[in-house]
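User: I am new to this structure and would like a close look at a single part, the helices of chain A and the aromatic rings among them. Please take me through that part slowly, and then say a little about what lies beyond it.

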Amino acid sequence: MVKILSFFLLLSLSLGASEFDKNCFDCHSQDFKFHIIMNKYTLKFSSEKRIKEAMFNYLREPSLDKSILPLEYIQKFGLKEKSPLDDKTLREMIDIYYEKFNLQSKLF
Amino acid sequence: MYRGEKKTIFYVLGLYLSSTLLLITTIFVSYYYYERDQFEHSEKDLLKKQTFLLTQQLSKLNENSSDRYKYPRFDEFESAIYDIDKNLIFSTSKDIDITNSKDSFFTKDSNSYLISPLTPYYFGAAFIIIEKKSKNLDILNNLIFIAIVTIIITLITSIFLVNLVLKPMRDNIKLLDSFIKDTTHELNTPITAILTNIETINSSSCDEKTLRKLQRIKIASQSISNIYEDLVYLLLNHKTSTQNIDLNLREMLYQRVEYFTNMATAKNIDLLLDAKEDIDFKADKKKMQRLIDNLLSNAIKYSYKSTNIRVVLNETTLCIEDEGKGMSEQEVKKIFTRYLRFDKSQGGFGMGYSIIKAIADEYEIKIDIVSKETQGTKVTLSW
């Protein structure tokens, strides 16, 4: 029973991870500094709930005031385009992103 | 110690001690709270410094990019960080919990805690909480000890003070007391001389006018004699030995009624004695005489002219009923207070009922007083 459950868990994680690769690495290259973005969100929004909500709001409707990046950076590269993902998928991707890169779970 | 002196000492001591205690308590409580505030202040300062240390370390840690971050630990204190929604991020102690704490500084189980807000949120930490062992505020035991010593010193000084204040009063009372004793003693011989000589005067050799005058002198002397006996009882009450013997109350009543007949006749009062049986009662003769004399003299004193006084003796009761001015209910309640006289127009010192009460109490005799104003008073002694 335990073996079956572990198998399904690994399967869902690998599936989730592949989904993340497909949906995120399409635009962001492998060397994109995901952890820096997470650090900036953590420094500004503190809790998991608020970080995820802020990310979702930005990706859904990107705007200058919602962005956590410096103004100079935005002026140089411009604002990110609106995410083509549906709400459900976008939230799932944010969950995976938070799971992979959040700073709090790295404390020991 | 004089009557009432103990009461005065207790009142003065009570007042002095309670006011001193109040003052000491106020000073000590204020001092305790002041020290506690100071202590809290120094504890807070220390905790603030430790919070600053931790913040610096977290800031440094946040600058590095790594897969794992070692949370800063210190020997002097424990710490924890919480996110903005008060969810625990990391803690070095199991005891730290800020979910129910309202104040930024608090103490619990001999630990001091300080909650400080943090921005920016390193590792998501919006609140830093520092826990350290509290120093003990040891002044309470010392304060209690000093308070007890102060109270004892105050008690001793207050007793000394009360004695100092009461000394002149005590000396005056002593002087007055010895004066009354000496005067009373000196009264004995002339009163006895007057009464004995009146008795020996041959009434047949006097005309009616002189006889009336003699009668008045006799009544006045008897009144003085009564006051003298009361004074002797009050002054020597506790110093004379009591000799309880079997008394024939009927016989004694006949003697006392006869003794007061002259006084009653002067006001045209009939003393009606109803004592058919011999009643034995074990008591001191002089004391019982004082009891009966005071009841009879009061009845005569407060009776209207040309009325009757009924004296009825039964096996367990003695009842003396007059037709006089009577007393109100309130007056009856206060009747046993010494030197209290409701009717100042009558002579006397207001000692009568207090003597009656003292003797009655000594022999467990119950006193019932029923009185109606303008109608009369009925005193019943039952044993």
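Analyst: The expected span of a helix is taken as 1.5 Å times one less than its number of residues. With that in hand, and keeping in mind that this is a predicted model, we can begin with helix α3 of chain A, which covers residues 48-60, has 13 residues and reaches 18 Å from its first C-alpha to its last, close to the 18 Å expected at 1.5 Å a residue.

This helix belongs to a chain whose secondary structure comes to five helices and zero strands, so that, as the chain is followed from the N terminus on, the elements read α-α-α-α-α. Chain A has 108 residues, of which 37% count as buried, and among its contacts between residues at least 6 apart in sequence, 56% join residues at least 24 apart.

Within α3(A), the buried residues are A:Ile51, A:Lys52, A:Ala54, A:Met55, A:Phe56, A:Tyr58, A:Leu59 and A:Arg60. These buried residues of α3(A) pack against two other helices of chain A, namely α2 (34-45) and α5 (87-101).

The loop between α2 and α3 of chain A is the place of A:Ser47. A:Ser47 counts as buried because its relative accessible area is 1%, a value under the 20% cut-off used for that word. Leaving aside residues up to four places away in sequence, A:Ser47 touches B:Asp83, B:Ile84 and B:Asp85.

The two helices that α3(A) packs against also carry aromatic rings, and over all chains the structure holds 14 aromatic pairs. One of them is formed by A:Phe34 and A:Tyr97, a tilted pair with 5.6 Å centre to centre and 55° between the planes. This pair links distant parts of the chain, since A:Phe34 sits in helix α2 of chain A and A:Tyr97 in helix α5 of chain A, 63 residues apart. A:Phe34 counts as buried because its relative accessibility is 7%, and A:Tyr97 counts as buried because its value is 8%.

Another aromatic pair is formed by A:Tyr41 and A:Phe45, and this one is stacked, with 5.8 Å centre to centre and 25° between the planes. Because A:Tyr41 and A:Phe45 are four residues apart in helix α2 of chain A, about one helical turn separates them. Their exposure can be read separately: A:Tyr41, at 4% relative accessibility, counts as buried, whereas A:Phe45, at 22%, counts as partly exposed. Returning to the rings of A:Phe34 and A:Tyr97, both belong to one aromatic cluster that also takes in A:Phe20 and A:Phe101.

Beyond this part, there is an enclosed space to look at in chain B. Rolling a probe the size of a water molecule over the atoms shows where empty space is left. The structure holds one cavity of 30 Å³ or more, and the largest cavity has a volume of about 40 Å³. Its lining consists of B:Leu249, B:Leu253, B:Met288, B:Leu291, B:Ile292, B:Leu313, B:Leu318, B:Leu381 and B:Trp383. The elements that give two or more residues to this lining are α4 (249-266) and α5 (285-302) of chain B, and α5(B) gives the most, with three residues. By type, the lining residues of the largest cavity divide into nine nonpolar, no polar and no charged.

Methods
Residues numbered from 1 in each chain as written. Chains lettered and ligands numbered in written order. Predicted model: local features only at pLDDT ≥ 70, side-chain atom pairs only at ≥ 80, totals over all residues. Heavy atoms only, no water. 1 Å grid on protein atoms, 1.4 Å probe; cavity = no way out; pocket = protein on both sides within 12 Å on 5 of 7 lines; lining within 4 Å. Points joined across faces, edges and corners; volume = space filled by probe spheres on them. Nonpolar A, V, L, I, M, F, W, Y, C, P; charged D, E, K, R; others polar. Buried < 20%, exposed > 50% of the residue type's maximum accessible area, 1.4 Å probe, protein only. Contact = heavy atoms within 4.5 Å. Phe/Tyr/Trp six-rings, centres within 6.5 Å; stacked < 30°, edge-to-face > 60°.
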